Amino acid sequence: MTKRACYGRAVASELVPNLMLFRDDAAARAALEALRWPGGPRCPRCSAHRAEVFRIGGEKHSHREGLYQCKPCRRQFTVTVGTMFERSKVPLSAWLQIIHLENTKRFVPMTPWEMAQASGLEYKTVQKMRARIYAAVDTYDGPNTIFGRAITAYISTRRPKPPKLAKRRDGKVNLRRWYEWRGKHPLGEAIAAEGTLAGLDDMQVQNIESTEKLVRLLLRTPKPAPAPTVRKGGEARASRKRIASAANTSPFSKGWRC
Ligand SMILES: [Zn+2]
């Protein structure tokens with residue numbers, strides 16, 4: 001049986017069930033909420049929680065999924081507000097699936113085309129999602145070895161290279177220069193996995209701890225600023241060129257909207 005969705009072609013996930021992380025969006029949303037709010041939902045604007053926050057639900061289902069209301073500031077929010085997942089039209093289960101596939105420890109990482117095949121998303125959509133993931137990874141300054149192969153390689157290409165190490169007369173490596181270099185380029189805080197994803201039902205997936213660390217990193221990465229609007233007119237062309245050249249600095253510079 002194939003499902004059809006507005007964001008892509010027929011969902012082929014039934015063909016590769018072992019590649020699916022979550023069966024539906026409700027499970028994916030619950031996992032994200034458990035990762036972002038271990039002590040219950042918290043308002044992203046005024047940090048109100050517990051009794052000051054309540055879930056908007058009911059039989060009508062006229063609201064969107066996972067919606068909460070904050071009593072003090074009277075605003076509504078979901079788990080994606082303020083993160084890089086905000087306002088994405090891609091379902092959360094597909095997001096987590098692509099994140100997991102991108103974070104693989106396989107020697108040969110999956111290509112975007114294979115990910116599109118496995119997830120049922122369009123190739124361009126997968127590329128835009130990866131652009132968001134890697135832009136968020138760009139902001140990370142902790143140890144890079146806690147992630148999968150492709151992301152570890154990406155982080156190490158973006159960082160200053162350590163010095164070449166000389167051997168001492170007794171054959172051991174002289175690490176003095178390395179320690180000096182590390183003092184100039186200190187590492188940030190590492191992200192710890194607390195077993196939230198691994199503790200979920202039916203979660204018999206390899207490398208899930210590493211994926212949890214990556215999702216934690218993505219959840220704490222703020223939503224990117226919207227692209228500046230360009231006015232039509234004489235000086236608009238110059239500023240449009242400036243924006244285009246700024247956007248081309250990233251290897252995945254196709255934009256943020258997906
Ligand atoms: Zn609030």
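Start with the whole chain in view: among contacts between residues at least 6 apart in sequence, 60% join residues at least 24 apart. Two residues count as in contact if their C-beta atoms, placed from the backbone, lie within 7 Å. What you have open is a predicted model, in which local features need pLDDT of at least 70, side-chain atom pairs count only at pLDDT 80 or more, and totals for chains, interfaces and linings use all residues. For your selections, residues are numbered from 1 along each chain as its sequence is written.

**Stop 1: colour by confidence**

Colour the chain by pLDDT, the predictor's confidence in each residue, from 0 to 100. The mean for the chain is 82, and 78% of its residues reach 70 or more. Now select residues 3-17: pLDDT is below 50 there, and beyond near neighbours in sequence this stretch has 24 contacts in the model. Residues 253-257 are also below 50, with nine such contacts.

**Stop 2: cartoon view**

Switch to cartoon, and you should find eight helices and three strands. Here helices (H or I, at least four residues) and strands (E, at least two) are DSSP runs, numbered from the N terminus. Walking from the N terminus, you meet them as α-β-β-β-α-α-α-α-α-α-α.

**Stop 3: the sheet**

Select the three strands. They form an open sheet in the order β1-β2-β3, with antiparallel pairing; two strands pair if DSSP finds at least two bridges between them. The edge strands are β1 (53-55) and β3 (76-77), each of which pairs on one side only. Focus next on β2 (residues 68-70), which two bridges join to β3. Show Gln69 and you will see Gln76 of β3 opposite.

Between β2 and β3, stop at Arg74 in the loop. The phi of Arg74 is near 55 degrees, a positive value in a residue other than glycine. Is Arg74 buried or exposed? Arg74 counts as exposed because it has 8 C-beta neighbours inside 10 Å. The scale works like this: a residue is buried if 20 or more other C-beta atoms lie within 10 Å of its own, exposed if 12 or fewer, and partly exposed in between, with C-beta atoms placed from the backbone. Of the 258 residues in the chain, 24% are buried.

**Stop 4: the nonpolar core**

Next, select Trp95, Leu96, Ile98, Ile99 and Leu218, the residues with the most contacts inside the largest nonpolar core, which has 31 residues. Such a core is a set of buried Ala, Val, Leu, Ile, Met, Phe, Trp, Tyr and Cys residues joined through C-beta atoms within 7 Å. Add α1 (25-36), α2 (92-102), α3 (112-119), α4 (123-138) and α7 (208-220), the elements that give two or more residues to this core. The largest share, seven residues, comes from α2.

Which residues does Ile99 touch, leaving aside its neighbours within four places in sequence? They are Ile133, Thr211, Leu214, Val215 and Leu218.

**Stop 5: helix α1**

Zoom in on α1 and try the distance tool. At 1.5 Å a residue (the expected span is 1.5 Å times one less than the number of residues), its 12 residues should span 16 Å, and the end C-alpha atoms are indeed 16 Å apart. Show Arg29, Ala31 and Leu32, which are buried. Look down the axis of α1: the buried residues fall within an arc of 160 degrees, so they line one face of the helix. The arc is that of the directions from the helix axis to the C-beta atoms. What covers these buried residues includes α2 and α7.

**Stop 6: helix α3 and the loop after it**

In α3, select the buried residues Pro112, Met115, Ala116, Ala118 and Ser119. They cover an arc of only 165 degrees around the axis, which puts them on the same side of α3. Among what covers them are α2 and α4.

Step on to Gly120, which follows α3 and has a positive phi, near 80 degrees. Glu122 sits in the loop between α3 and α4. Glu122 is partly exposed because 15 other C-beta atoms lie within 10 Å. From Glu122 to Pro112, 10 residues apart along the chain, the C-alpha atoms are separated by 9.7 Å.

**Stop 7: Asn207**

Finish at Asn207, in the loop between α6 (176-184) and α7. Asn207 has a positive phi of about 65 degrees although it is not a glycine. With 15 C-beta neighbours inside 10 Å, Asn207 counts as partly exposed.
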